[in-house]
Number of protein chains: 2
Amino acid sequence: MAADLRRPERTFSIRQLCNEFKATPRALRFYEDKGLLTPAREGLNRVYSHKDRVRLQLILRGKRVGLSLSEIRELLDLYDENDDGAAQMARSLKKFRERASALEQQREDIDGALIELREACDRLEKRLAEIRPDLLPRSADYEQLLRARLDGHADMALGK
Amino acid sequence: MAADLRRPERTFSIRQLCNEFKATPRALRFYEDKGLLTPAREGLNRVYSHKDRVRLQLILRGKRVGLSLSEIRELLDLYDENDDGAAQMARSLKKFRERASALEQQREDIDGALIELREACDRLEKRLAEIRPDLLPRSADYEQLLRARLDGHADMALGK
DNA sequence: GTCAACGCTTACGTAAACGTCAACCTTGAC
DNA sequence: GTCAAGGTTGACGTTTACGTAAGCGTTGAC
């Protein structure tokens with residue numbers, strides 16, 4: 001009567017999925033609360049099917065790429081409501097592309113911040129080198145060290 | 001008795017600073033609440049000095065590079081408490097460098113997410129092209145279009 | 001029989017950085 | 001007199017993704 005544990009009929013406990021994907025029970029219940037998962041029940045206990053497991057994987061992937069849970073839910077819903085896989089795929093594709101441009105934008109923002117930070121660092125380093133060179137924290141910028149040595153750019157340390 | 005409006009003795013109203021830096025009064029009051037600003041008072045009204053203005057600039061710069069308000073406050077406090085500019089600068093420098101590595105890490109995370117997203121997009125595009133090519137949303141990737149035209153890489157569109 | 005391990009539900013707490021009222025004062029223009 | 005403009009102080013609301021109890025039931029080991 002008992003199904004083979006390795007077959008697709010296999011089910012999972014909340015803990016098993018948590019261990020496998022390094023999530024917490026709280027998180028899975030939260031996803032359920034938000035309508036992202038709807039595991040079966042055995043009495044009170046949640047019983048996750050292979051389909052549920054796949055959904056969880058998709059949820060976690062969505063999170064890794066920075067989608068919000070509600071966005072993930074939209075995508076997931078598409079896969080359920082509709083038999084026509086193509087339309088869903090098209091929408092997912094659109095969503096993914098949008099997310100990709102958002103991420104690219106974020107990267108540019110970060111690059112901007114990095115530029116501003118490096119300018120500030122440079123200014124601080126120069127001033128410190130003038131007045132209290134002993135306080136200069138050892139640079140975290142190995143590249144600069146390397147280049148200075150390889151190219152003999154001693155002037156960099158001299159403030160030219 | 002009134003000081004020249006262009007001199008360093010000049011003061012600013014909350015609105016003036018808000019307009020200049022595109023912030024909201026609520027924000028400035030919030031910063032004050034958090035101990036980042038301590039403008040003088042004229043009766044109840046806040047009166048911002050040049051020093052306050054500079055602090056605000058530093059706050060906003062800090063935000064642009066992704067520092068939290070509490071981190072910004074730490075840095076700001078250093079500039080006040082201590083007469084010895086060098087030690088503060090050294091600490092700021094350290095903080096900035098830390099932030100820079102954090103940002104670099106973030107960038108790598110984003111790159112990872114982008115890779116995952118692009119793989120997902122590619123898979124979706126291929127499947128869609130097979131089953132419902134008409135549903136393929138026009139690509140958002142202008143570069144690809146441009147390169148394809150300039151280089152005559154028609155094969156890109158052929159899935160070669 | 002009782003303790004630990006696991007599960008359940010309900011529900012408040014958290015962090016960040018303000019937004020958004022509400023209710024009130026003051027000053028100048030008309 | 002009164003209306004608008006701009007200021008003030010609370011203080012609650014928002015968002016996201018859970019963390020963290022509190023209190024209770026079930027099951028297996030010993």
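**Exercise 1.** Which atom of DNA strand D lies 2.9 Å from a polar side-chain atom of A:Arg26?

*Solution.* The model is predicted. Start at the side chain of A:Arg26 and go to DNA strand D. One of its polar atoms lies 2.9 Å from a base oxygen of that strand. A polar contact needs N or O atoms within 3.5 Å. The pair at A:Arg26 stands at 2.9 Å.

**Exercise 2.** Find phosphate contacts that chain A makes with DNA strand D.

*Solution.*
- Step one: take A:Tyr31. A polar atom of its side chain is 2.8 Å from a phosphate oxygen of DNA strand D.
- Step two: take A:Lys63. Here a polar side-chain atom and a phosphate oxygen of DNA strand D are 2.5 Å apart.
- Step three: place both residues in their setting. DNA strand D is surrounded by 17 residues, and A:Tyr31 and A:Lys63 are among the closest, along with B:Arg15, B:Arg29 and B:Arg46.
- Step four: look at the DNA side. Of the atoms of DNA strand D within 4 Å of the protein, 65% belong to sugar and phosphate.

**Exercise 3.** Which elements supply at least two residues each to the surface near DNA strand D?

*Solution.* Begin with chain A. It offers H2. Then go to chain B. It offers helix H1 (14-21), H2 and strand S2 (45-47). Now ask which element gives the most. That is H2(A), with 4 residues. Finish by sorting the surface by class: 6 nonpolar, 4 polar and 7 charged residues.

**Exercise 4.** Now turn to DNA strand C. Find the residues that come nearest, then some phosphate contacts.

*Solution.*
- Step one: list the nearest. Among 17 residues around DNA strand C, these are A:Arg15, A:Arg29, A:Arg46, B:Thr24 and B:Lys63.
- Step two: check A:Arg29. An N or O atom of its side chain is 2.6 Å from a phosphate oxygen of DNA strand C.
- Step three: check A:Arg41. A polar side-chain atom lies 3.2 Å from a phosphate oxygen of the strand.
- Step four: cross to chain B. For B:Tyr31, the distance from a polar side-chain atom to a phosphate oxygen of DNA strand C is 2.8 Å.
- Step five: split the DNA atoms within 4 Å of the protein. Sugar or phosphate takes 65%, and bases take the rest.

**Exercise 5.** Which element supplies the largest share of the surface near DNA strand C?

*Solution.* List the elements that each give at least two residues. Chain A has helix H1 (14-21), helix H2 (25-33) and strand S2 (45-47); chain B has helix H2 (25-33). The largest share, 4 residues, comes from H2(B). By class, this surface holds 6 nonpolar, 4 polar and 7 charged residues.

Notes
Residues numbered from 1 in each chain as written. Chains lettered and ligands numbered in written order. Predicted model: local features only at pLDDT ≥ 70, side-chain atom pairs only at ≥ 80, totals over all residues. Heavy atoms only, no water. Near = heavy atom within 4 Å. Polar contact = N/O pair within 3.5 Å; in protein donor to acceptor, adjacent residues only side chain to side chain. Nonpolar A, V, L, I, M, F, W, Y, C, P; charged D, E, K, R; others polar.
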